[in-house]
Amino acid sequence: MHLAHVALGANQAEPLAQVRAALEALKRLPESRLLRASSLYRTAPVGIRGQPDFINAVASLETTLTPHAMLAALFDVEAQFGRRRDFHHAPRTLDLDLLLYEAQIIDSPQLQLPHPRMHLRAFVIAPLLEIAPDCCIPGRGRAAAWLPALSLQRIEKLRQ
């Protein structure tokens, strides 16, 4: 079994319900088991204007899927939730990003691990640290070391 971390986000079509339903969908991924899920967070869009806030979370899964098979399974879940990729930074009914897969480093046209911008996003680092406080990002060090640099990004932990 391998440990994978997945970021979840949505800002369209009742995003709170979308992320909660996506967490349930992750429980049904083939050859995988949901271990932990963070709290839900409301966050401002990063790098885009004129869109609603996002609801975000991070989940950890145990899996026998390969990283590329895991990515394909995540894309299948996104499609079930009506995800469209009309343009870069388009509003999302659901966005699932494979952040980490063990300590693997992969740089292929289809998949980059660790996720190349995860250390720059409070909406990833804060929920990740909630469920994996000692997490290290391959090539970047401890995830906790990145949190102070993200303090200007608006993020609010939601009451469950």
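Reader: How do you know that the span of helix α2 agrees with its 14 residues?

Author: The expected span of a helix is 1.5 Å times one less than its number of residues. For α2, residues 67–80, this gives 20 Å, and the end C-alpha atoms are 20 Å apart, so the two values agree. The name α2 follows a rule: helices (H or I, at least four residues) and strands (E, at least two) are DSSP runs, numbered from the N terminus. This is a predicted model, in which local features need pLDDT of at least 70, side-chain atom pairs count only at pLDDT 80 or more, and totals for chains, interfaces and linings use all residues. Residues are numbered from 1 along each chain as its sequence is written, and side-chain values use heavy atoms, with hydrogens and water left out.

Reader: Which residues of α2 are called buried?

Author: Buried means under 20% relative accessible area, exposed over 50%, and partly exposed in between (1.4 Å probe, protein chains only). In α2, Pro67, Met70, Leu71, Ala73, Leu74, Val77 and Glu78 are buried.

Reader: Why are the buried residues of α2 said to line one face?

Author: Seen down the axis of α2, the buried residues fall within an arc of 160°, and therefore they line one face of the helix. The arc is that of the directions from the helix axis to the C-beta atoms. An α-helix has 3.6 residues a turn, so residues three or four places apart point the same way. On the other side of α2, Ala79 and Gln80 are exposed.

Reader: What makes strand β4 mostly covered?

Author: Strand β4 comprises residues 54–63, and 9 of its 10 residues are buried.

Reader: How do you know that β1 and β4 pair?

Author: Two strands pair if DSSP finds at least two bridges between them. β1 and β4 have 9 bridges in the antiparallel sense, so the condition is met. Within β4, valine 58 is the bridge partner of alanine 7.

Reader: Which sense do the pairings of β4 with β2 and with β3 have?

Author: β2 and β4 pair in the antiparallel sense over 5 bridges, with glutamate 62 of β4 as the bridge partner of arginine 33. Strand β3, residues 41–43, also pairs with β4 in the antiparallel sense, over 3 bridges. Here arginine 42 stands opposite isoleucine 55 in β4.

Reader: What joins leucine 113 and proline 114?

Author: A cis peptide bond joins them, with omega about -10°. Proline 114 is in the loop between β7 (112–113) and α3 (122–131).
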